[in-house]
Amino acid sequence: MPADQAIAGAPAAMSDEHIVAALRAGDERTFRELFERSYPMMKRVARGYVASDAVAEEIVQDTWMAIVTGIERFEGRSALGTWMFSILTNQAKTHGARERRALPFSSITPADVEAPAVDPDRFQRDDQAWPGHWATPPRPWQKPERRLLSLEAREQLKEALAQLPERQRLIVVLRDIEGLSAEEVCDLLRLSQENQRVLLHRGRSRVRALLEEYLDGADA
Amino acid sequence: MHNPGSRHDGHPASDFSVAADEVTCQQFVELVTDYFEDALPPRALSHVEEHLVMCDWCLTYVEQMQATVDSLRKLKDRSSREPSDSLLATLRAKKAAGE
């Protein structure tokens, strides 16, 4: 499935031209189908920018309003999905900025883009017996498939996602939650394969570290 | 369990910094995503695979990364909400204008 179809929520058989024509004509059936298919992903992406599900839902509605009212101006210079996705992220950023002005400063997490996957203090130093090897190794997670499904663990995961810098979060959401391929994400965000992997790596590593903190804490 | 004292016996510590044919655990953890994505060049891939045979701790780390990805996948929200009344009204107005 090409990225734009994944975002537009279109069945594979529906071309950009078909969708644009249908939206311009006010074809409600096609619109409802697109809306329903794209809703979970749009909400998930929007949720990365704002603090509540309710606001994320509002963003999806606003995004679709901007799509429906703006479709006459869509010139097809980019894929439809890319255009829709940029509307979504712009709407989400606007809402997010509005929210942040109302939040205490401490709730803004700095973007630690260059952070290593694992805290360097957990490896042996150069003057130790095995430099670069684990000093504080990870402890195996017991029954992760079950424990990570609990409501509390899911909240931890969402919290971990919310703490990621924007691009890392977008990529983790699109790749790991929504199941898009690397190629699709690169197309959508105009990233090279290599940069996509770097950001995915930082994002996943950070989420793992936060889950480790949570699970080790629960075991302690 | 990985135990540098026995597993790596015979390798003085300084060997790790000069030996380009091995990766340390600290280097290893930065290669995990490329490993998952099949993006490692052949030489790096064999280093990673050799390291995994040697090091139970890094194997645990890989399992945790996989569990992280798996649990993210389960967050997928399949719920679907209705378009708002104002959205539908806008669409209907479009249709009326076109007719």
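What span should the twelve residues of helix H8 (residues 166-177) of chain A have at 1.5 Å a residue, and how far apart are its end C-alpha atoms? The expected span is 16 Å and the end C-alpha atoms are 15 Å apart, which agrees. Keep in mind throughout these views that the model is a predicted one.

**View 1. Helix H8 of chain A and its surroundings.** Let us stay with this helix for a moment. Ten of the twelve residues of H8(A) are buried, so the helix is largely enclosed by the rest of the structure. The buried stretch can be followed through Gln168(A), Arg169(A), Leu170(A), Ile171(A), Val172(A), Val173(A), Leu174(A), Arg175(A), Asp176(A) and Ile177(A). The cover over these residues includes four helices of chain A, namely H3 (28-47), H7 (151-163), H9 (182-189) and H10 (193-219). Chain B takes part too, with its helix H6 (56-73) included in the cover. Just after H8(A) comes Gly179(A), where phi is positive at about 75°.

**View 2. Val172(A) and the largest nonpolar core.** Zoom in on one residue of H8(A), the buried Val172(A). Leaving aside residues up to four places away in sequence, Val172(A) touches Leu161(A), Leu164(A), Leu200(A), Gly203(A), Arg204(A) and Val207(A), and from the other chain Leu72(B). The largest nonpolar core has 46 residues, and Val172(A) is listed with Val45(A) and Ala46(A) as having the most contacts inside it. H3(A) gives the largest share of this core, eight residues. Domain 1 (3-105) and domain 2 (112-219) of chain A both give residues to the core, so it lies between them. A second, separate core has 15 residues, among them Phe123(A) and Trp134(A) from chain A and Leu31(B) and Met65(B) from chain B.

**View 3. Where the two domains of chain A meet.** The domain assignment divides chain A into domain 1 (3-105) and domain 2 (112-219). Their C-alpha centres lie 27 Å apart. Ten residues of domain 1 and eleven residues of domain 2 make up the contact. On the domain 1 side, the elements giving two or more residues are helix H1 (3-8), H3 and helix H5 (80-102) of chain A. The residues on that side divide into six nonpolar, three polar and one charged.

**View 4. The contact between chain A and chain B.** Here 51 residues of chain A meet 45 residues of chain B. If you would like to trace the chain A side, look for H3, helix H4 (53-70), helix H6 (144-147), H7, H8 and H10, the elements that each give two or more residues to it. H3(A) provides the largest share of this side, nine residues. By residue type, the chain A side divides into 30 nonpolar, seven polar and 14 charged residues.

**View 5. Chain B by itself.** This chain has seven helices and zero strands, so to speak an α-α-α-α-α-α-α run from the N terminus on. Of its 99 residues, 23% are buried. Among the chain B contacts between residues at least 6 apart in sequence, 52% join residues at least 24 apart.

**View 6. Two loop residues with positive phi, Arg190(A) and Asp38(B).** Most residues other than glycine have a negative phi, which makes a close look at this pair worthwhile. Arg190(A) has a phi near 50° and lies in the loop between H9 and H10 of chain A. Is Arg190(A) buried or exposed? With 9 other C-beta atoms within 10 Å, Arg190(A) is exposed. On the other chain, Asp38(B) has a phi near 55° and is found in the loop between helix H4 (32-36) and helix H5 (42-54) of chain B. Asp38(B) counts as exposed, with 8 C-beta neighbours inside 10 Å.

**View 7. Pro137(A) in its loop.** Pro137(A) lies between H5 and H6 of chain A, in the loop that joins them. With 18 C-beta neighbours inside 10 Å, Pro137(A) counts as partly exposed. For a sense of distance, find Leu80(A), which is 57 residues from Pro137(A) along the chain. The C-alpha atoms of the two residues are separated by 47 Å.

Note on methods:
Residues are numbered from 1 along each chain as its sequence is written. Chains are lettered from A and ligands numbered from 1 in the order in which they are written. This is a predicted model: local features need pLDDT of at least 70, side-chain atom pairs count only at pLDDT 80 or more; totals for chains, interfaces and linings use all residues. The expected span of a helix is 1.5 Å times one less than its number of residues. A residue is buried if 20 or more other C-beta atoms lie within 10 Å of its own, exposed if 12 or fewer, and partly exposed in between; C-beta atoms are placed from the backbone. Two residues are in contact if their C-beta atoms, placed from the backbone, lie within 7 Å. Ala, Val, Leu, Ile, Met, Phe, Trp, Tyr, Cys and Pro count as nonpolar, Asp, Glu, Lys and Arg as charged, and the others, Gly among them, as polar. Domain bounds come from an automatic or database domain assignment. A nonpolar core is a set of buried Ala, Val, Leu, Ile, Met, Phe, Trp, Tyr and Cys residues joined through C-beta atoms within 7 Å.
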